[in-house]
2 protein chains.
Amino acid sequence: MAAVDELIERHQETLSRALTALTERDYWSPYPEFPKAYGEGAPAEAKAAFEALLGTTFELPGQPAAGEPVATEASPFGIELGISYPRADVDELLTAAAAARAGWAAATPLARAAVCLEVLARINARSHEMALAVQHTTGQAAAMAFQAGGPHAQDRGLEAVAYAYAEQAKLPATASWTKPQGKRDPLVLTKEFITVPRGTALVIGCNTFPTWNGYPGLFASLATGNPVVVKPHPRAVLPLAITVRIARDVLAEYGFDPNTVTLAAERDREGIAKTLALHPDVRIIDYTGSTEFGVWLEENAKQALVYTEKAGVNIVVVDSTDDYRGMLNNLAFALSLYTGQMCTTPQNLLIPRTGISTDQGDKSYDEVVADLAAAIEGLLGDDARAAAILGAVVNPGVLQRSAAAAGGEYGDLALAPRVVESAEFPGATIRTPALIKVEAHKPDDRAHFLTECFGPVYFAVAVDSTTDAVDLLRQSVTEHGAMTATGYTTSPAVEHELVQACLDTGVCLSLNLTGGVYPNQTAAFSDLHGTGANPAANSAYTDAAFVANRFRVVEVRRPA
Amino acid sequence: MAAVDELIERHQETLSRALTALTERDYWSPYPEFPKAYGEGAPAEAKAAFEALLGTTFELPGQPAAGEPVATEASPFGIELGISYPRADVDELLTAAAAARAGWAAATPLARAAVCLEVLARINARSHEMALAVQHTTGQAAAMAFQAGGPHAQDRGLEAVAYAYAEQAKLPATASWTKPQGKRDPLVLTKEFITVPRGTALVIGCNTFPTWNGYPGLFASLATGNPVVVKPHPRAVLPLAITVRIARDVLAEYGFDPNTVTLAAERDREGIAKTLALHPDVRIIDYTGSTEFGVWLEENAKQALVYTEKAGVNIVVVDSTDDYRGMLNNLAFALSLYTGQMCTTPQNLLIPRTGISTDQGDKSYDEVVADLAAAIEGLLGDDARAAAILGAVVNPGVLQRSAAAAGGEYGDLALAPRVVESAEFPGATIRTPALIKVEAHKPDDRAHFLTECFGPVYFAVAVDSTTDAVDLLRQSVTEHGAMTATGYTTSPAVEHELVQACLDTGVCLSLNLTGGVYPNQTAAFSDLHGTGANPAANSAYTDAAFVANRFRVVEVRRPA
């Protein structure tokens with residue numbers, strides 16, 4: 001059995017650097033985001049490894065299994081996956097997790113952090129393979145699947161590990177307490193502070209970002225001593241199955257029960273998330289997905305801490321800009337990237353009907369909308385380039401909304417979606433965005449744009465004024481939540497109003513992005529993802545609050 | 001208007017020292033616990049101030065009021081209080097709190113900490129007056145009311161303020177983010193991280209420790225920017241009313257809306273806690289009291305973060321000791337102090353029926369019980385001394401349980417309670433403890449001792465062996481919760497088993513206390529009060545988790 005001490009030594013520097021990064025919030029990552037950093041042969045090896053998985057049963061040796069393996073995935077790019085995953089009986093899985101608890105709980109927080117960093121290092125080394133797994137389950141294009149599914153997700157995992165370690169290290173392991181008693185001898189006690197895990201943790205994965213959204217909860221719970229059951233989305237099992245297998249390998253190598261991390265694959269529509277979520281053993285739940293199920297978890301899984309990221313309606317307020325071209329290009333890319341299938345993609349662009357002032361002169365509402373439509377068309381004019389930005393449509397629901405938009409169901413089209421053909425993947429389902437003109441105060445329009453319309457459907461909302469836009473932002477974020485808010489303005493007064501509205505309603509704000517950073521992207525170790533202060537999410541990636549309650553501290557005191 | 005900057009300067013050193021204390025966990029307090037430290041004239045001044053309140057209406061200028069003032073208190077020492085408190089309409093109170101929010105939220109975390117420290121400093125200066133308020137609402141004896149109601153409660157308040165400040169200061173106010181882009185210019189953003197409060201906080205006070213149990217939540221919520229509505233127990237209003245008035249004075253002096261802190265007095269059995277707790281404005285609730293209402297809050301106040309301290313069954317495992325006399329004296333005092341009306345007082349003493357080994361030879365179960373009974377009788381033999389340790393019976397429920405024990409309802413009496421007369425307060429209701437012999441495995445006995453029997457009723461539980469005792473501790477803490485566990489043993493093996501049982505079930509353990517520290521006492525800045533890991537409480541005083549989620553962080557990012 002390999003020694004954990006060696007592992008601690010190996011990863012100490014990365015952990016220390018991560019802890020510094022958390023306080024500095026400057027750019028930092030130990031995981032290169034450029035595919036070439038992983039060596040010349042890496043892509044071919046990854047392709048071979050990925051292809052070897054197709055049509056087979058994914059092995060998870062040592063995990064309880066029951067019944068036939070399940071195959072529930074379908075590549076949005078149209079290739080045949082045919083990978084089956086072992087199913088497990090919920091009670092057997094939780095019994096195995098409970099049995100693993102004591103050994104993992106007995107490890108020090110530093111040892112657990114080192115094991116987690118080793119898991120992340122091995123995941124990182126297989127980033128090219130993970131990219132293929134993410135691409136063919138989520139529909140992310142290859143470049144994005146590599147970055148968001150690989151190094152950026154690993155960053156979020158490491159960030160959670162670093163916070164978990166820092167929070168557990170807050171109290172000293174032992175302290176001496178000496179209370180003076182005037183002329184008498186002082187009272188002297190020795191006190192130990194020992195972190196104990198909550199219990200078994202459940203991670204409920206999502207279809208679009210199985211690793212990026214799965215790793216914060218997985219690693220936060222694991223690093224704080226809790227066994228973790230990973231319940232992947234039936235359409236995006238492989239990225240988390242690879243993750244779980246790597247974690248189990250590392251755990252076993254270092255003398256821990258591999259059932260500290262398990263995979264709960266299920267048949268389509270089997271609904272084991274509900275069974276797991278209500279089980280008395282499950283004390284922590286991390287969830288990303290629909291508002292409906294997120295609220296159900298919050299209201300029903302009373303025995304557990306529940307961390308949810310649900311749906312929101314993201315907003316851009318367009319007031320004025322000194323870089324009209326930069327604004328249009330930035331928005332065009334933001335709305336195109338991954339077909340708008342990010343929880344952070346703006347949905348509603350609030351534009352004064354009286355127009356906006358720009359470095360290229362005043363632009364009317366119609367001009368802004370037309371210019372944005374043209375910017376998107378320009379960006380996505382070439383099919384190969386379009387496919388590389390859009391990726392593929394993740395599921396039938398998104399396709400249906402794109403079709404509804406195309407059919408004029410949501411309002412007048414300023415930009416109609418078109419079908420993009422992929423030379424590489426003839427079976428891929430790819431659509432460009434729809435841009436729809438609506439009125440801020442028309443009840444029919446409001447019914448459409450004031451709910452999440454997940455996917456490549458955007459609303460150019462004509463508002464009476466920028467003040468009206470800010471008011472609408474306030475109302476929308478308060479009632480419907482938002483993961484992101486974005487503003488374009490050259491006016492300090494408007495900027496002040498926007499900032500205040502975002503503080504009051506609890507949503508993060510990106511201002512005047514015109515370059516290579518987009519409203520829908522957040523970077524680990526610097527940006528918060530969500531706030532937990534509006535209905536879109538009850539927590540954020542990652543802050544102390546996301547981690548501090550996943551463990552508890554037991555004190556033991558004795559006379560010195 | 002006085003300047004907050006001056007306040008920050010005045011309290012900076014105390015705050016810094018408190019932050020250090022949190023990491024060191026050695027003894028520390030800025031608030032002297034010796035009454036004489038407050039000056040020779042202080043007791044007389046306090047008495048005059050207290051007596052001036054009797055029979056009057058307590059004024060809270062500027063707070064919304066509706067209807068007749070309410071008088072609901074009765075001194076357990078039998079004196080007439082007759083103090084009325086202004087009642088408020090719940091909606092008006094919450095509207096006033098919401099209106100106060102913006103101003104308080106706009107203050108920096110450091111400014112809020114300084115205001116809280118000024119509130120605590122003024123409360124501290126009035127510790128003698130607070131002692132009388134606490135004594136005559138809770139029944140604590142004068143010395144204890146002074147310490148636990150005064151400086152020790154202030155310590156817990158300051159501890160919460162320090163944690164709140166530390167957590168809010170975790171992210172930098174601004175950060176520069178520079179991401180290299182190979183040969184191209186780097187991406188550069190400026191990021192602001194701004195803490196925002198959750199919303200209005202509700203503190204639901206308890207009868208026995210209105211300040212000690214009230215201050216952690218009050219100051220944690222206040223220091224993180226939330227307006228706080230304080231709903232005192234109808235029998236213990238005055239200590240929190242004085243606290244609220246001082247807070248309002250300081251807030252107003254420094255330019256904040258005094259309705260940032262309000263008092264929600266109610267008629268007896270009016271039940272406004274439920275109305276407040278379910279109001280959508282209320283986003284944080286701190287509660288100390290019965291399990292029934294605590295669980296109701298946890299299950300029903302879904303819009304709020306709910307921190308509860310409920311009931312538990314505290315346990316002592318008696319295995320062996322090298323200081324038999326010290327053990328008996330320590331337990332006798334622990335069981336006598338404040339008539340067992342502390343949530344931390346041991347209730348069940350698990351003693352092997354085969355006896356224990358001690359420095360005074362082996363002692364049978366019967367001998368241990370008889371010797372403990374004698375130690376209690378010795379300690380409380382003198383009425384004046386007994387009254388000074390016991391204080392008075394807080395409410396009719398406790399008196400009823402003492403009477404039931406005296407009548408043999410719970411089992412055979414090893415020590416019968418007796419009535420103590422107070423020379424100072426002829427109307428005081430004072431009872432000594434009852435010690436009852438029961439069998440660990442007799443169903444009738446278990447029905448009595450395996451539920452909380454709040455007050456001076458203790459069970460000497462005959463167990464088959466120490467192993468049996470540890471098993472019973474595990475079962476009891478898991479099912480019924482506990483605020484404290486205590487052990488006496490000279491065996492390293494037994495100590496190991498006990499520690500492991502406490503880690504597994506999540507309860508703090510005091511080992512071999514034979515001197516001037518008692519199992520039911522915890523010191524701020526060093527000891528955790530509760531763990532949040534067993535059914536007795538879902539949180540602890542005070543750790544990062546108690547504070548970190550009371551605020552959220554909104555990020556604003558812009559191109560540099």
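Which residues are exposed on the other side of helix 14 of chain B? I took this up as my opening entry, keeping in mind that the model is predicted.

**Entry: helix 14, chain B**

I looked up helix 14 of chain B, residues 383–390, and listed its buried residues as A386(B), A387(B), I389(B) and L390(B). Looking down the axis of helix 14 of chain B, I found that these buried residues fall within an arc of 165 degrees, so they line one face of the helix. The answer to my opening question is that A384(B) and A388(B) are the exposed residues on the other side of helix 14 of chain B. I then asked what the buried residues pack against, and noted helix 12 (324–336) and helix 13 (365–379) of chain B as their partners. Just after helix 14 of chain B comes G391(B), for which I recorded a positive phi of about 65 degrees.

**Entry: helix 2, chain A**

I turned next to helix 2 of chain A, residues 42–53, whose 12 residues reach 17 Å from the first C-alpha to the last, close to the 16 Å expected at 1.5 Å a residue. Its buried residues are A42(A), A46(A), F50(A) and L53(A). They cover an arc of only 60 degrees around the axis, which puts them on the same side of helix 2 of chain A. I set beside this the general point that an α-helix has 3.6 residues a turn, so residues three or four places apart point the same way. On the other side of helix 2 of chain A, I found A44(A), E45(A) and A52(A) exposed. The buried residues of helix 2 of chain A pack against helix 5 (127–138) and helix 9 (238–253) of chain A, and the helix is followed by G55(A), whose phi is positive, near 75 degrees.

**Entry: the loop before helix 2**

I looked up Y38(A), which lies in the loop between helix 1 and helix 2 of chain A. Y38(A) has a relative accessible area of 16% and is therefore buried, the cut-off being under 20%. Although Y38(A) and A125(A) are 87 residues apart in sequence, I found them 7.3 Å apart in space, C-alpha to C-alpha. Setting aside residues up to four places away in sequence, I noted that Y38(A) touches Y31(A), P32(A), N124(A), S127(A), H128(A), F146(A) and P151(A).

**Entry: helix 1 against helix 7, chain A**

How do the axes of helix 1 (residues 4–24) and helix 7 (residues 151–168) of chain A cross? I found that they come within 9 Å and cross at roughly 90 degrees, which makes helix 1 of chain A roughly perpendicular to helix 7 of chain A. On the side of helix 1 of chain A, the contact is made by T14(A), L15(A), A18(A), L19(A) and L22(A), and on the side of helix 7 of chain A by L158(A), E159(A), A162(A), Y163(A), Y165(A) and A166(A). I sorted the residues of this contact into 9 nonpolar, 1 polar and 1 charged.

**Entry: helix 4 and strand 15, chain A**

For helix 4 of chain A, residues 109–125, I recorded 17 residues and a reach of 24 Å from the first C-alpha to the last, close to the 24 Å expected at 1.5 Å a residue. Helix 4 of chain A is mostly covered, with 13 of its 17 residues buried.

My last look was at T486(A), found in strand 15 (residues 485–488) of chain A, which counts as buried at 0% relative accessibility. Leaving aside neighbours within four places in sequence, T486(A) is in contact with I315(A), V316(A), V317(A), P346(A), L509(A), S510(A) and P519(A).

Note on methods. Residues numbered from 1 in each chain as written. Chains lettered and ligands numbered in written order. Predicted model: local features only at pLDDT ≥ 70, side-chain atom pairs only at ≥ 80, totals over all residues. Heavy atoms only, no water. Helix = DSSP H or I, 4+ residues; strand = E, 2+ residues; numbered from the N terminus. Expected span 1.5 Å × (residues − 1). Buried < 20%, exposed > 50% of the residue type's maximum accessible area, 1.4 Å probe, protein only. Arc of directions from axis to C-beta. Contact = heavy atoms within 4.5 Å. Axes fitted to C-alpha atoms, helices over the stretch in contact; angles between N-to-C directions. Parallel < 35°, antiparallel > 145°, perpendicular 65-115°, else oblique. Nonpolar A, V, L, I, M, F, W, Y, C, P; charged D, E, K, R; others polar.
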